Amino acid sequence: MQIAIVTVSDRASRGQYEDLSGPAIEEWLREVVTSPYEIVKRIIPDGVASVRDTLIALCDESQVDLILTTGGTGPAPRDQTPEAMREVLVKELPGFGEQLRRASLEQTPTAILSRQTAGTRGKTLIINLPGKPSSIRFSLDTIFAAVPYCLDLIGAGRIETDPARIKAFRPAS
């Protein structure tokens, strides 16, 4: 099982800003995922080409099972992660973004500005998360119960979670 964490940030990619979101994702994974996995990290600039090319390489060449992106999902001109996703995904899974916005709206009215989405390319599930480190934990808590079964359905590696933290949903067989 390989999980890629892709931080999308002009400033972090230039070393002008410490990446806090990527480490927040990694910390959450250490607390919740109980099966063995390897983390692949990338810090890249905003923009369609950089995000698209990184995601395609991680899916097609590295064949990672799960990619969690952080950043680039707002309305600012350089926020282009969803546009890059449209060029990468074979199947969009809009329910992830819908659920993230629905839950986040209970916390802040600016959640309506988020353009997060998710989808698959081959045997890889890609999920866009917000760029704000404080939102990472809340976001992953909101959607992760569906991730293990989605990975099963697309033929990716199997992932197990600590049921005391997140009870992964898998239908009874």
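Reader: Which two side chains meet in a salt bridge at 3.4 Å, N to O, Asp-152 and what else?

Author: Asp-152 pairs with Arg-158, and the N to O distance is 3.4 Å. Keep in mind that this is a predicted model.

Reader: Okay, and is Asp-152 buried, partly exposed or exposed?

Author: Asp-152 counts as partly exposed, because its relative accessibility is 25%. Its partner Arg-158 is partly exposed too, with a relative accessible area of 48%.

Reader: Which residues get joined into one network by salt bridges that share partners?

Author: That network takes in Glu-27, Glu-31, Arg-137, Asp-141 and Arg-165.

Reader: Let's pick one pair from there. How far apart are the closest N and O atoms of Arg-165 and Asp-141?

Author: They sit 3.4 Å apart, and the two residues form a salt bridge. This pair links distant parts of the chain, with the two positions 24 residues apart: Asp-141 belongs to helix α6, while Arg-165 is in the segment after α7 (147-154).

Reader: And how much of Arg-165 is accessible?

Author: Arg-165 has a relative accessible area of 30%, so it is partly exposed. Asp-141 is partly exposed as well, at 32%.

Reader: Why would side chains like that pair up at all?

Author: Side chains of opposite charge can pair when their charged atoms come close.

Reader: How many salt bridges does the count come to?

Author: The count comes to 16 salt bridges.

Reader: What does Arg-30 form a salt bridge with?

Author: Arg-30 pairs with Glu-26, and their closest N and O atoms are 3.7 Å apart. Both residues are in helix α2 (residues 21-32), 4 residues apart, which is about one turn of the helix.

Reader: So is Glu-26 buried or exposed?

Author: Glu-26 is buried, because its relative accessible area is 18% and the cut-off for buried is under 20%. Arg-30, on the other hand, counts as exposed at 54% relative accessibility.

Reader: Staying in helix α2, where does Pro-23 come in?

Author: Pro-23 is another residue found in helix α2, and it is partly exposed at 41% relative accessible area. Pro-23 and Glu-98 are 75 residues apart in sequence, and their C-alpha atoms are 25 Å apart in space.

Reader: New topic: pockets. How much space lies in the largest pocket?

Author: The largest pocket holds about 750 Å³ of space. It is lined by 36 residues, and the closest to its centre are Gly-71, Thr-73, Pro-130, Gly-131 and Lys-132.

Reader: Which elements give two or more residues to that lining?

Author: Those are β1 (2-8), α1 (10-13), α5 (95-105) and α6 (133-143). The most comes from α6, which gives 4 residues.

Reader: How does the lining divide into nonpolar, polar and charged?

Author: There are 11 nonpolar, 17 polar and 8 charged residues in the lining of the largest pocket.

Reader: Switching to the outside, which residues form a nonpolar patch on the surface?

Author: Leu-105, Ile-112 and Leu-113 form one, with about 280 Å² of accessible area together.

Reader: Where's Ile-112 in all this?

Author: Ile-112 is in the loop between α5 and β5 (118-121). At 60% relative accessibility, Ile-112 counts as exposed, since the cut-off for exposed is over 50%.

Reader: Loops again, then. What's the phi of Gln-63?

Author: Gln-63 has a positive phi of about 55°, although it is not a glycine. Gln-63 lies in the loop between α3 and β3 (66-70), and it counts as exposed at 58% relative accessibility.

Reader: And where does Lys-123 lie?

Author: Lys-123 lies in the loop between β5 and β6 (124-129), and at 54% relative accessibility it counts as exposed. Lys-123 and Ile-154 are 31 residues apart along the chain, with 5.4 Å separating their C-alpha atoms.

Reader: Last one: how far apart are Ala-49 and Gly-97 in space?

Author: They are 22 Å apart, C-alpha to C-alpha, and 48 residues apart in sequence. Ala-49 is in helix α3 (residues 48-61), and it is partly exposed with a relative accessible area of 38%.

Terms used
Residues numbered from 1 in each chain as written. Predicted model: local features only at pLDDT ≥ 70, side-chain atom pairs only at ≥ 80, totals over all residues. Heavy atoms only, no water. 1 Å grid on protein atoms, 1.4 Å probe; cavity = no way out; pocket = protein on both sides within 12 Å on 5 of 7 lines; lining within 4 Å. Points joined across faces, edges and corners; volume = space filled by probe spheres on them. Nonpolar A, V, L, I, M, F, W, Y, C, P; charged D, E, K, R; others polar. Patch = residues over 30% accessible without salt bridge, like charges linked within 9 Å, V, L, I, M, F, W, Y side chains within 5 Å. Areas by Shrake-Rupley, 256 points an atom, 1.4 Å probe, with all protein chains shown as cover. Salt bridge = Lys/Arg side-chain N within 4 Å of Asp/Glu carboxyl O. Buried < 20%, exposed > 50% of the residue type's maximum accessible area, 1.4 Å probe, protein only.
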